[in-house]
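Work through the exercises below with the sequence and the coordinates open, and compare each step with the solution that follows.

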Amino acid sequence: MQAIRRKRRICTGFLGKYMISLATLGLFLTLSTNLGFSSASMMIDNGGMRLRDFQTSSSELHTAGPNEKHSSLSLIGNAGTGNFTHHDPIFINDNDELIAMAQAEGWSGNGSSVNPYVIEGYIITLTDNSTNSSQLPYRGISLRDVSLHVIIRNNIVNSTVSGNYLVSGLYLENVTSVTVVNNILESSLGVGIYVVGSNQTIIMNNTFHSVSSGVRLWDSMGDVIEGNLFINSTLDVEGFSQDIVIRYNDFTDNTVAVFLSGTAGSFVRNIQILDNRFENVFQGIAFINGTDLLIQGNSFLQLKSYGVTISDVNGASAIHDRIIISKNLFVNSTSTGGTTILASALRDSIISDNVFKNNAHSSIRLDGGSVNVSIARNTFDQITGSDVIVLDASNNNIIRDNIIANFERDGIHLIRGASHNLIINNVINDSSIGEGIVIYDSSNGNQVLNNTISRMKLYGVGLDNTIRDTYVKWNDFIDNNGLPTVVDAPQASDNSPLNNNNTFILNYWSDWTTPDSDGDGIVDNPYPRIEALSLGGWKIDPLPLAKPHINPHSPPITTTFTPTLIKTSGTAISPVPFSPFFVLMLSLGLTVFFRRKNWLKK
């Protein structure tokens with residue numbers, strides 16, 4: 001019997017370990033298939049540093065968030081060890097020249113996706129003598145008409161030549177699948193990395209210092225700009241560039257940090273700007289002539305003028321469709337000039353869930369015929385110097401579910417024919433010199449519903465003498481225009497003629513809450529103090545509420561714009577499923593393992 005049990009123990013031990021080993025192999029194969037691992041993408045040792053090839057997705061390599069400084073060259077490869085070789089500028093004009101130069105220079109790789117050529121460890125300085133006339137303009141490393149896979153990493157390129165766009169550190173034209181990582185571009189370069197007509201270029205963890213244009217993309221597609229440090233250097237995306245991802249970058253001390261510009265007949269489109277940090281810049285993002293833009297999760301700190309501007313140029317009269325500006329932070333901008341978000345000709349767009357705090361200029365201004373824009377669920381606190389939200393000549397928009405508090409001038413201001421807009425479910429508190437909602441300049445047919453407006457220095461709602469067909473209903477007016485200290489102060493004004501058909505009805509007025517003898521929630525007498533200076537008298541709310549109104553939830557914001565997921569390394573990033581082979585083998589192995597004791601007892 002003991003011999004039989006010993007044989008069973010050996011058999012089951014071997015079988016259980018074998019099954020679990022097969023399950024482990026299945027898991028490894030699953031991960032290898034889904035994450036794109038290869039022999040070239042494993043961690044390898046190089047002079048004590050840990051290097052990773054870039055066959056894996058770029059998101060695996062990011063180590064710093066939007067509010068962290070990026071370490072750039074100090075972490076990876078030769079640049080971290082200071083092992084550089086001074087080199088003349090490199091010019092490659094096709095695949096054959098790349099192969100020949102790789103053999104001559106001893107570059108690793110063979111140009112395949114799993115074993116790309118690697119150009120690294122050089123210091124290249126552009127001078128008047130470094131480039132002959134046949135190689136003008138000045139370029140540090142130039143690749144043209146190359147379809148092989150290349151990594152350019154751990155290099156330093158600078159220039160003694162005064163820079164414009166003809167002086168570039170790296171120049172990539174008509175190339176595919178080039179990765180540029182962990183380089184320093186500095187000193188008088190006109191363009192740090194110039195990408196023309198190229199696809200799926202990854203530019204990651206580079207440092208640009210005092211370069212006029214740190215990165216310039218022209219007519220390029222599917223590029224990823226990630227984890228770079230731009231110091232006094234701009235990121236330009238121009239021409240008909242599209243499907244571009246800009247994420248996890250730091251922009252510091254820039255005039256314009258990100259400049260996106262199409263032309264009258266060629267728009268930039270489908271640009272995603274995600275989780276970047278903009279600090280002490282004159283202008284964060286300028287978007288000209290384009291559609292399908294997502295700006296999300298960014299931090300804008302100490303802006304000197306503008307956060308985001310969206311406009312047309314050269315008379316193009318562009319309509320900017322499907323723009324989403326969401327979940328960004330705009331704080332501590334003490335300059336009194338500019339506007340945090342200034343946009344013209346938006347259509348079918350959303351500005352939502354942003355935080356604006358301690359800024360000395362207007363937060364959101366829509367100009368130039370913006371239509372069907374939702375300004376929703378934003379928080380505004382300590383806004384001085386200008387009105388918080390302004391609609392200028394923009395129709396059929398919604399301002400809803402925002403919180404506006406501790407501001408200086410007007411909370412929401414409609415001017416110059418901004419008509420047929422809906423202002424609903426907002427909370428507007430504590431203005432030091434202004435009004436809650438102001439509607440002027442023939443801005444007709446607007447609705448003001450379900451808002452809570454309290455402690456304005458002046459009126460809760462004010463209409464000038466040009467306004468028609470405006471409906472003010474179910475709002476709570478609480479202690480505005482000096483109340484309760486100033487007795488009988490009017491909490492609203494409507495200076496239009498009686499035949500302009502403006503209506504105040506079913507609002508709550510904090511100084512007019514009784515009597516309600518029948519308990520129907522309506523004060524027995526009309527509210528008599530809506531100031532009408534043009535009439536030399538007063539208008540009324542015929543059905544004032546006896547108690548504050550509880551705002552119903554308004555319908556959710558919807559949009560047809562779904563940003564395209566950009567592929568960063570040949571395959572889209574997706575969750576890793578467990579293969580059926582892994583699940584089967586693991587189940588069998590564990591079943592044998594846990595039943596082994598019971599079987600051995602027999």
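**Salt bridges and a buried strand**

A network of salt bridges links Arg365, Asp367, Asp392 and Arg416; the model in which this is seen is a predicted one.

**Exercise 1.** Determine how aspartate 392 and arginine 416 are placed in the structure, and whether each is buried or exposed.

*Solution.* Begin with the pair itself, whose side chains meet in a salt bridge at 2.3 Å, N to O. Aspartate 392 belongs to strand β38 (residues 389-392), whereas arginine 416 sits in the loop between β41 and β42, so the pair ties together parts that are 24 residues apart in sequence. Next apply the cut-offs, under 20% for buried and over 50% for exposed: aspartate 392, with a relative accessible area of 1%, is buried, while arginine 416, at 55%, is exposed.

**Exercise 2.** Describe the other salt bridge of the network, between aspartate 367 and arginine 365.

*Solution.* The closest N and O atoms of aspartate 367 and arginine 365 are 3.0 Å apart. Aspartate 367 has a relative accessible area of 19% and is therefore buried, whereas arginine 365, at 24%, counts as partly exposed.

**Exercise 3.** Establish why strand β13 is largely enclosed, and which strands pair with it.

*Solution.* Of the 6 residues of strand β13 (residues 191-196), 6 are buried, so the strand is largely enclosed by the rest of the structure. Strand β10 (residues 168-175) runs parallel to β13 and is joined to it by 5 bridges, with glutamate 173 standing opposite valine 196. Strand β16 (residues 213-218) is likewise parallel to β13 and joined by 5 bridges, and there arginine 216 is the bridge partner of tyrosine 194.

Technical notes: Residues numbered from 1 in each chain as written. Predicted model: local features only at pLDDT ≥ 70, side-chain atom pairs only at ≥ 80, totals over all residues. Heavy atoms only, no water. Buried < 20%, exposed > 50% of the residue type's maximum accessible area, 1.4 Å probe, protein only. Helix = DSSP H or I, 4+ residues; strand = E, 2+ residues; numbered from the N terminus. Pairing = 2+ DSSP bridges. Salt bridge = Lys/Arg side-chain N within 4 Å of Asp/Glu carboxyl O.
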